[in-house]
Amino acid sequence: MTNKLLTQLGKLGHKFNQPIKKLSKTRYLQRSKTFNFLLSLTVGIIVTTLGITTDWATTGTSTLTYKTSWIGNTFGSGNLRVQNNIEAMYVAPDGTVYTNSHWDEAGMEAGIYKDGKVISALGDTHGWSRGGGKAVTANSKYVYIAMTQGSRGKTNEDYPPEGTTWYSVRRYDLSGKPAPFPNGRGWDKSMLITSTKSEVTGLATVESELYVSDFAANRIRVYDTDTMKELRNFTVANPGAITIDPQKNLWIIQSKNGGNPAKIIHYSQSGKQLSQQIADIVEPTAIAIDHQGRLLVAENGPRQQMLIYDIKSQPVQVGSFGSKGGIYAGVPGEVRDLKLYGLTGVGTDASGNIYINSNGFNKSGTDLRKFSPSGKQLWRSLGLIFVDNADADPKTDGIDLFTKQEHYLINYSKPAGKQWTYKGYTLNAFKYPQDPRLHTSPDATFVRRIQGKPFLFLTDMYSSFLQIYRFNPATDGQVAIPAGMFVGSNGADKKFLTGNWPPHQPEKGEWIWRDRNGNGRFEKNEYDTSKDYPYLGGWWVDSKGDVWKALRTPDGTAIRHYPLQGIDSKGNPIYSYSSMEKQTTPSIFNDLRRLEYFPQTDTMYLSGFTVDHPAFGDDTGVAGSEIARFDNWSQGNRTPRWRIVIPYDSTGKREVSTAAISVAKDYVFTVTVKTAEVYVYNAKTGVQVQQLKPGPEVGSESGWIDIPYGIRTFRRSNGEYLVFVEENWKGKVIMYRLGG
């Protein structure tokens with residue numbers, strides 16, 4: 001750009017030069033001070049213009065325009081968007097859907113949906129030690145949800161005492177505002193305390209009675225829906241979700257207990273157990289009665305379907321809804337209208353329309369759908385993102401994006417927020433029950449092509465591991481197959497991961513697991529072990545597939561390099577401690593946090609705290625105070641080409657800090673923790689050239705950046721840069737489109 005502008009200005013200057021020379025030869029103009037002044041002024045203006053234009057071209061401030069978009073949530077702005085998870089739901093006769101969940105980052109634990117839109121959120125379920133739950137119901141006047149209230153040290157304001165949690169039912173009006181009642185508890189008198197031992201697991205109403213599953217007490221409690229006074233209670237072992245049939249009798253999910261499988265049992269209103277039950281079911285998670293009086297059951301076992309029972313006498317299954325095998329039917333993991341996964345809610349309205357929520361496995365995210373009675377999908381509301389970020393498949397030029405469990409296709413010609421299509425769910429909980437994503441909480445994705453084959457690499461909020469996944473479309477469709485995993489040293493000479501997973505984990509030290517036999521399970525002969533400094537700064541996977549690790553050790557050898565040793569016969573990348581290299585850290589750093597190495601140019605970018613700009617306190621999640629670029633890294637150069645100071649905490653108050661960095665071709669990108677502002681630097685010079693903030697497309701707002709890889713970037717073949725930024729607050733990934 002700079003050379004082009006200089007050439008054009010040079011040609012322009014040459015054109016002006018000839019007539020000026022002719023004019024200057026006249027005797028009058030040679031003696032004219034006015035002419036000399038005007039000539040000097042003209043030259044000055046040209047030179048100044050040249051300088052300004054050159055500066056624009058260098059910094060890019062005139063050309064690096066950007067647009068804001070998002071992926072992963074049907075709605076991208078405003079207070080009403082699809083919540084992180086739906087763990088329970090109730091469908092009213094008019095098609096209004098009421099939902100509940102334990103947690104939503106923006107405080108929408110419980111929501112109200114209709115016609116594919118978010119109508120309202122049930123208020124005051126977040127903060128002040130409050131949370132939602134996994135039960136909800138409604139009648140013609142009120143909504144009732146399960147919730148928790150923890151202690152706040154304010155018993156005088158009717159909070160529980162220290163060390164006590166109230167497991168409660170809270171009442172709301174139909175607009176979502178708390179509805180107090182006489183002798184109600186909590187600060188606004190809208191809570192009914194049912195237990196201090198375990199949460200409410202089921203709710204249902206009929207006429208003027210509210211039925212509540214008190215799991216810890218093994219009882220069903222019955223309350224007046226208006227006064228909220230207890231009327232009676234009766235014993236039911238392990239009671240869960242409840243629904244009430246046209247004869248006003250209760251159907252209750254009895255949760256599995258030890259070796260006793262789950263089943264659905266039948267009780268009268270007075271508490272008499274009736275003879276009917278459904279036992280031939282694997283994992284019932286939700287039940288409802290449809291407009292024909294049939295019992296609907298969410299079967300979350302391998303079938304992944306809604307089962308339909310005639311219950312006029314002994315229950316008989318008369319139908320099912322959804323593809324048998326759910327998301328794993330046909331092409332495994334491929335998203336289709338009738339493929340369900342992780343069912344948490346079922347229901348119908350008075351017209352027979354069907355509503356089903358899929359929550360994935362290990363709370364993947366909300367997938368709420370409405371179908372016509374004939375099975376046609378009428379609308380779908382998605383909230384798939386929670387503590388996550390996206391990365392692009394380098395082979396498809398940014399068309400294919402991956403998050404930790406989802407695969408998206410992007411059409412960049414569409415408007416903001418409409419570009420993404422949910423293509424695949426990459427987790428198979430039945431075929432690969434030891435998949436690390438079922439047992440940990442990864443939150444950042446690296447997509448790499450190694451020897452032409454696609455791989456996913458995932459880490460977490462604390463950089464405590466690096467998980468590796470391969471693909472085999474012929475056998476597993478869209479599913480990412482567990483292939484390998486790195487973990488660090490514990491530092492306390494004990495197992496790195498507590499609990500029973502993974503099996504055969506080494507007793508101490510760090511390890512690399514590789515799925516040598518290709519079955520996706522952790523087996524005894526599949527671990528390589530070592531021991532190293534326990535405090536990790538970050539991970540990186542370069543374009544060749546080499547793994548890099550930054551340690552926070554100040555001893556001058558904080559970098560670990562694991563060269564790829566090949567791909568085994570099962571398709572897994574091979575790494576080992578015997579081939580690991582310890583590399584020297586540039587002396588300017590005393591606390592290394594991030595690294596990104598590019599083998600094509602032998603360029604290393606490092607970030608961390610430096611001798612000149614040290615850390616204040618130990619904020620483990622941030623990227624540091626400086627970024628430095630090193631050329632000819634593999635040849636031993638440790639002298640930076642440039643160093644830049646990035647926003648960091650210099651006061652100890654943690655008001656300003658940088659969460660993450662990412663490099664793509666000509667630019668270095670960073671993002672701040674609390675303001676989520678993206679800084680863009682010229683990769684050749686380190687000069688800042690742009691600053692990105694969320695645009696009006698996403699309400700000009702973002703939550704904090706919580707993860708060490710909260711920004712990922714990719715340069716498309718047309719010169720456009722894609723910048724993906726975690727937006728955990730309102731359940732999406734922000735996508736900036738820069739330049740191009």
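In the predicted model, L606 is placed opposite A628 of strand 43. Strand 43, which spans residues 626–631, runs antiparallel to strand 42, formed by residues 603–610, and the two are joined by six bridges. Both strands belong to an open sheet of four strands, in which the order is 41-42-43-44 and the pairing is antiparallel. The edges of this sheet are occupied by strand 41 (589–598) and strand 44 (642–645), each of which pairs on one side only. On average, and with direction ignored, neighbouring strands of the sheet are turned by 20° against each other.

Two strands of this sheet also take part in the lining of a pocket, the second largest, with strand 41 and strand 42 each giving two or more residues. The volume of the second largest pocket is about 750 Å³. Its lining comprises 29 residues, of which F598, Q600, V663, A664 and K665 are the closest to the centre of the pocket. Beyond strands 41 and 42, the elements that give two or more residues to this lining are strand 27 (391–392), strand 31 (442–450), strand 37 (536–541), strand 45 (658–664) and strand 49 (711–715). The greatest contribution to the lining comes from strand 49, which gives four residues. When the lining of the second largest pocket is divided by class, 13 residues are nonpolar, six are polar and 10 are charged.

Notes
Residues are numbered from 1 along each chain as its sequence is written. This is a predicted model: local features need pLDDT of at least 70, side-chain atom pairs count only at pLDDT 80 or more; totals for chains, interfaces and linings use all residues. Side-chain values use heavy atoms; hydrogens and water are left out. Two strands pair if DSSP finds at least two bridges between them. Axes are lines fitted to C-alpha atoms, for helices over the stretch in contact, and angles run from 0 to 180 degrees between N-to-C directions. On a 1 Å grid over the protein atoms alone, a cavity is a set of points where a 1.4 Å probe fits but cannot get out, and a pocket is an open set with protein on both sides within 12 Å along at least five of seven lines; lining residues have an atom within 4 Å of a point. Grid points are joined across faces, edges and corners, and a volume is the space filled by probe spheres set on the points. Ala, Val, Leu, Ile, Met, Phe, Trp, Tyr, Cys and Pro count as nonpolar, Asp, Glu, Lys and Arg as charged, and the others, Gly among them, as polar.
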